[in-house]
Amino acid sequence: MTQKTVWQPEYNADDFSVEDNVLLADSFYQFRRLDVIHKSFRGETVKIRRDLFCRPNAVAVLLYDATLDKIVLIEQFRIGALDHPRSPWLLELIAGIIEPGESIEEVARRESLEESGVEVNNLQHICKFTPSPGGAQEYIDLFCATIDSTKAGGIHGLAVEGEDIKVHVFSAEQAFGMLRTGEIDNAPAIIALQWLQLNKQNL
């Protein structure tokens, strides 16, 4: 049965034009300045100048042991959380950038092994989302993977990439509790854990 579409955007890619696209910085990521003209809901046009932070698309994976009802999360230092009120070391999902020629499933399996030492079994795609469309160009494919949590633990990551990753195993109840208290406060982990709360009986 085909699900009925509730909403469609009024405009699409034919209804805007990029008048200028200037590269301001090019390092691990790119920073650009764009002049854009787009149609308005009043039937006119709007011209805007915006700065755009460009990141490669990524994959994030929630590791879940359905047999023991355990969740594996990783802890690592995050430069974007330097001013975090608690600490720039965050509890997160396994995640990584999609390399050229890689499928999103291949990224999920590769990163799970690199960052936690755990091989994934079944992969279930949760959603694809953009975390900050107001100023960043990036899409994240989010997965839930079933695993054997008894094999999880230790310190992982690629030294050549400066990764220093500590693996944690929590009960699902503990993880959901940290979601409620705000101890887990990054978007991929929040979305995945809320999805798991609704769907774990089906895994």
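**Strands, cores and selected residues of the predicted model**

Thr 146 is found in strand E10, and in this predicted model it serves as the starting point for the description that follows. With a relative accessibility of 16%, Thr 146 counts as buried, because the cut-off for that class is under 20%. Leaving aside neighbours within four places in sequence, Thr 146 is in contact with Tyr 64, Val 120, Asn 121 and Asn 122. Ala 159, by contrast, is 13 residues from Thr 146 along the chain, and the C-alpha atoms of these two residues are separated by 27 Å.

The protein as a whole has three helices and 12 strands, and its C-alpha atoms fill a box of roughly 60 × 50 × 40 Å when this is taken along the principal axes. Of the 203 residues in the protein, 35% are buried. Among contacts with a separation of 6 or more, 51% are accounted for by residues 24 or more positions apart. The accessible surface comes to about 12,600 Å², and carbon and sulfur atoms hold 51% of that area. As for charge, the protein carries 19 positive and 31 negative charges, whose mean positions are 5 Å apart.

In soluble globular proteins, nonpolar side chains tend to be buried together. The largest nonpolar core of the model has 25 residues, of which Leu 62, Ile 71, Leu 73, Leu 93, Leu 193 and Leu 196 touch the most other members. Two or more residues are given to this core by each of strands E4 (58–65), E5 (70–77), E8 (123–129) and E10 (140–146), and likewise by helices H2 (172–181) and H3 (187–199). Apart from this core lies another, of 16 residues, which includes Ile 94, Val 118, Phe 143 and Ile 147. The surroundings of Leu 62 can be given in detail: not counting residues up to four places away in sequence, Leu 62 touches Ile 71, Leu 73, Leu 93, Phe 143, Cys 144, Ala 145, Ala 192, Leu 193 and Leu 196.

Helix H2, one of the elements that contribute to the largest core, has Ala 172, Ala 175, Phe 176, Gly 177, Met 178 and Leu 179 as buried residues. The cover over these buried residues includes strand E5, strand E6 (89–92), strand E12 (165–171) and helix H3. Just after H2, Gly 182 takes a positive phi of about 85°.

A positive phi also occurs at Asp 69, a residue other than glycine, where the value is near 55°. Asp 69 lies in the loop between E4 and E5, and its relative accessibility of 26% places it in the partly exposed class, because that class runs between the 20% and 50% cut-offs.

Another aspartate, Asp 35, is found in strand E2 (residues 30–39). Asp 35 has a relative accessible area of 10% and is therefore buried, the cut-off being under 20%. The side chain of Asp 35 is joined to that of Arg 49 by a polar contact of 2.7 Å. When residues up to four places away in sequence are not counted, Asp 35 touches Ser 17, Val 18, Glu 19, Asp 20, Ile 48 and Arg 49, so that Arg 49 appears both among these contacts and as the partner in the polar contact, while Asp 35 itself is buried.

Technical notes
Residues are numbered from 1 along each chain as its sequence is written. This is a predicted model: local features need pLDDT of at least 70, side-chain atom pairs count only at pLDDT 80 or more; totals for chains, interfaces and linings use all residues. Side-chain values use heavy atoms; hydrogens and water are left out. Helices (H or I, at least four residues) and strands (E, at least two) are DSSP runs, numbered from the N terminus. Buried means under 20% relative accessible area, exposed over 50%, partly exposed in between (1.4 Å probe, protein chains only). A polar contact is a pair of N or O atoms within 3.5 Å; within protein, one must be able to donate a hydrogen and the other to accept it, and residues adjacent in sequence count only if both atoms are side-chain atoms. Contact means heavy atoms within 4.5 Å. A nonpolar core is a set of buried Ala, Val, Leu, Ile, Met, Phe, Trp, Tyr and Cys residues joined through side-chain atoms within 4.5 Å. Accessible areas come from the Shrake-Rupley method with a 1.4 Å probe; for residues, only the protein chains shown count as cover. Lys and Arg count as positive and Asp and Glu as negative; His and the chain ends are not counted. The place of a charge is taken as NZ of Lys, CZ of Arg, CG of Asp or CD of Glu.
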